[in-house]
Amino acid sequence: MKMKYTAPLRGELAVPGDKSISHRSIMFGALSQGRTEVSHFLTGADCLATIACFRRMGIEIEQNGSDVTVFGKGLYGLSAPSDILDAGNSGTTVRLMSGILSGQRFSSVITGDESICRRPMKRVMLPLTEMGASIVSMKDNGCAPLGISPSQLHGIHYQSPVASAQVKSCILLAGLYADGETSVTEPVVSRNHSELMLRYFGADLSSTGTTATISPEPSLTGQKVNVPGDISSAAYFIAAALLIPGSEILLKNVGINPTRDGMLRVCRAMGADITLLNEDHSGAEPCADLLVRSSSLHGTVIEGEIIPTLIDELPVLAVLAAFADGTTVIRDAAELKVKESDRIKVMTDNLSRIGCDVEATDDGMIIRGGKPLHGAVIDSCKDHRVAMSFAVAALACSGETEIRDSDCVTISYPGFYDDLRMLCH
Ligand code: S3P
């Protein structure tokens with residue numbers, strides 16, 4: 001895909017549904033009694049992989065574009081899968097499902113693509129094993145494929161070394177099948193969609209500070225879920241509108257859960273003009289329309305407790321920092337190394353290619369922004385967030401930018417380039 005400097009962004013856009021919430025609506029719907037009706041479901045490849053896994057375990061799921069109906073069969077209603085479960089590129093699918101599968105009365109194997117098979121799974125295997133699960137890395141390297149056999153789970157109080165919603169959710173889901181209470185304490189609170197949605201489906205779950213606690217064997221009941229727009233997808237249009245002079249866009253019905261809204265806070269600290277309109281709730285999830293106007297930005301420091309609330313937005317924030325005046329420091333973000341790609345390496349390599357003065361550190365990067373930047377050939381490393389971040393950078397760079405493997409955006413945003421073109425006129 002080749003892209004060039006653009007006209008200002010103008011108009012309105014409803015970004016696709018939130019990826020994290022879409023995954024959970026299928027999983028929790030499958031484990032509930034009765035129908036779960038999901039609207040504005042994200043039809044990205046990751047969430048479709050979750051649907052395929054549950055269909056393989058006998059759950060009927062009707063999908064009509066972004067309207068999905070899950071015919072739940074209860075906590076013990078899944079049947080032994082006819083084949084290996086394939087999570088594709090989706091870490092959320094593998095990690096959350098490993099919690100669910102550990103509680104089943106049948107054996108299963110779950111794996112995914114090349115990138116998934118390099119990502120760390122010990123972070124879920126360890127606590128699950130502590131709960132009594134029988135889960136092994138079949139290549140004995142701490143990664144997928146994971147082989148899971150039936151065993152009785154016990155409640156534990158787990159002190160997680162990482163602030164990861166995937167780890168937390170995995171343990172809470174296994175806790176549905178345990179013979180006592182299960183709790184997870186994180187170093188810093190990560191996204192809380194599982195807690196909000198499990199409670200909405202009838203689970204006995206409480207959260208205090210950095211600890212979430214669940215009681216076993218609730219009767220979960222199917223619900224209606226209207227998925228808010230994904231703030232992680234909105235992030236690319238926010239960044240593009242901020243960077244291109246004369247832009248003004250309205251992003252409709254975007255999720256603004258405080259465990260996810262760090263990007264908005266950082267952009268404002270950099271000088272961004274972003275206004276929240278029509279604040280509302282979709283189920284337990286807060287949402288709003290975002291009015292974004294081009295702004296002149298300056299560097300900032302991104303560190304500490306805010307990191308989990310913007311972890312997926314750090315690539316595009318790095319692009320913003322490259323165009324902002326002054327230095328931006330990102331630290332406490334070593335988790336970037338174990339995402340769909342090593343995002344510290346891949347972002348700093350590609351930012352260097354467009355002429356940015358950037359340095360990789362152990363847990364982040366230092367970006368000295370404000371120089372004019374030029375188009376280049378970008379290697380997305382098949383990481384959707386890298387491809388979308390450089391599509392934004394391309395709009396503000398001189399000359400032409402070519403993004404390799406640009407079609408990987410279908411993982412979380414199949415219509416991304418069309419929507420970007422539509423706003424750029
Ligand atoms: C997610 C949690 C985050 C995030 C990922 C989605 C989730 O991962 O990066 O894109 O849906 O729970 P970690 O839990 O590894 O931080």
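Which element gives the most to the shell around the ligand? In this predicted model, that element is α1, with three residues.

## Ligand site

The ligand sits in the largest pocket. Three elements, α1 (19-30), α3 (91-102) and α5 (165-175), each give two or more residues to the shell around the ligand. The residues that surround the ligand are K19, S20, R24, T92, R95, S164, A165, Q166, R191, I311, D312 and K339.

## Polar contacts and coverage

Both side chains and backbone take part in the contacts listed here. A polar side-chain atom of D312 is 2.7 Å from an oxygen atom of the ligand. For K339, a polar side-chain atom likewise lies 2.7 Å from a ligand oxygen atom. A165 approaches through its backbone, where an N or O atom is 3.0 Å from an oxygen atom of the ligand.

On its own, the ligand has 380 Å² of accessible area, and the protein covers 95% of this.

## Residue G58

G58 is located in the loop that runs between α2 (45-56) and β4 (60-64). Is this residue buried, partly exposed or exposed? G58 counts as partly exposed because its relative accessibility is 30%, and that class lies between the limits of 20% for buried and 50% for exposed.

Leaving out residues up to four places away in sequence, G58 touches K73 and S79. A272 is 214 residues from G58 along the chain, and the C-alpha atoms of these two residues are separated by 48 Å.

Notes:
Residues numbered from 1 in each chain as written. Predicted model: local features only at pLDDT ≥ 70, side-chain atom pairs only at ≥ 80, totals over all residues. Heavy atoms only, no water. Helix = DSSP H or I, 4+ residues; strand = E, 2+ residues; numbered from the N terminus. Buried < 20%, exposed > 50% of the residue type's maximum accessible area, 1.4 Å probe, protein only. Contact = heavy atoms within 4.5 Å. Near = heavy atom within 4 Å. Polar contact = N/O pair within 3.5 Å; in protein donor to acceptor, adjacent residues only side chain to side chain. Areas by Shrake-Rupley, 256 points an atom, 1.4 Å probe, with all protein chains shown as cover. 1 Å grid on protein atoms, 1.4 Å probe; cavity = no way out; pocket = protein on both sides within 12 Å on 5 of 7 lines; lining within 4 Å. Sits in = over half its atoms within 2 Å of the grid points.
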